[in-house]
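Student: I am new to this one. Can we go through it in short steps?

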Amino acid sequence: MTDDELFESDTVAEEVESKEPQAESTAPELPEAKWYILHTYSGYENLVKVNLETSFRQSNIDDRLIDVRIPMEDVVEERNGKRKVVQRRLFPSYVLVKMIYTRDMWHLITGTRGVTGFVGPQGKPTPLTDDEIRRMQLEKVTVKTDFAVGDSIRVVNGPLADRTGEIKSINQTTGKCMVDINMFGRMIPAELDMYQLEKIDPQ
């Protein structure tokens, strides 16, 4: 084979190689961040928050830990004849975590000091629903519903259960409705959560 023929052969080989398809990335796509509830030993809530943040950072996945909450509420206590407002844990022995969870994180989270496990069926990591997130005031959630102003409704739970009424206004962001409730022969206005209502279909 002459030098020219050898050069032509190498050129063809290079062209063939350059036309080979590039391997596509097989990296799994991460799910979206969701809220989960962790059960902790009593009094360990703050320690769990710190330990989780440390564990995620040391494992180089701190970008998956979006938020850690220990909900508090203001209560009035009287001591030595004086009243003062103090903060108290709203859900003792629980920590709320917003994260991008994948199965490989199970041991990291459940092995964190102070954590006894996830809250869910048989301890399975079960994300909170939009309705639960809204009720716990973790985020503002837009509630999708088929309710409309003027709809006749029945209250399905709460102090006004089994009362009927009519929707006067709807706030999709808060998930609440202003409703005229039929009580004692007159209509009484009340603000209720959408999950407390069911629509009465017209006869």
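Tutor: Start with a charge and a ring. R163 lies over the face of F184. A charge counts as over a ring if NZ of Lys or CZ of Arg is within 6 Å of the ring centre and within 35 degrees of the ring normal. Here the distance from the ring centre is 5.4 Å.

Student: What kind of model is this, and what does pLDDT need to be for local features?

Tutor: This is a predicted model, in which side-chain atom pairs count only at pLDDT 80 or more, totals for chains, interfaces and linings use all residues, and local features need pLDDT of at least 70. Residues are numbered from 1 along each chain as its sequence is written, and side-chain values use heavy atoms, with hydrogens and water left out. pLDDT is the predictor's confidence in each residue, from 0 to 100. For local features, the value needed is at least 70.

Student: Over which residues does pLDDT stay under 50?

Tutor: The chain has a mean pLDDT of 82, and 82% of its residues reach 70 or more. Where pLDDT is low, the predicted coordinates should not be read in detail. The model has 1 contact (heavy atoms within 4.5 Å) beyond four places in sequence for the stretch in question. That stretch is residues 5-27.

Student: Where does F184 lie, and is it buried or exposed?

Tutor: F184 lies in the loop between strand 9 (176-183) and strand 10 (186-193). Strands (E, at least two residues) and helices (H or I, at least four) are DSSP runs, numbered from the N terminus. Buried means under 20% relative accessible area, exposed over 50%, partly exposed in between (1.4 Å probe, protein chains only). With a relative accessible area of 69%, F184 is exposed.

Student: What is the phi of F184?

Tutor: Most residues other than glycine have a negative phi. F184 is not a glycine, yet its phi is positive. The value is about 55°.

Student: Why is the pair of Y36 and F118 called edge-to-face?

Tutor: Rings of Phe, Tyr and Trp (its six-membered ring) pair if their centres lie within 6.5 Å; planes under 30 degrees apart count as stacked, over 60 as edge-to-face and the rest as tilted. By this rule the count is 5 aromatic pairs. The centres of Y36 and F118 are 6.1 Å apart, and the pair is edge-to-face because the planes stand at 75°.

Student: How many residues apart in sequence are the parts that this pair ties together?

Tutor: Y36 is in strand 1 (residues 34-40), and F118 is in strand 6 (residues 115-118). Y36 is buried at 7% relative accessibility. F118 is buried too, with a relative accessible area of 7%. The parts tied together are 82 residues apart.

Student: Which residue forms a stacked pair with F118?

Tutor: The centres are 5.6 Å apart, with 20° between the planes. The partner is partly exposed, at 31%. That residue is W106.

Student: In what order do the 5 strands of the open sheet run?

Tutor: Two strands pair if DSSP finds at least two bridges between them. The pairing in this sheet is antiparallel. Strand 10 and strand 11 (197-199) are the edges, each pairing on one side only. The order is 10-9-8-7-11.
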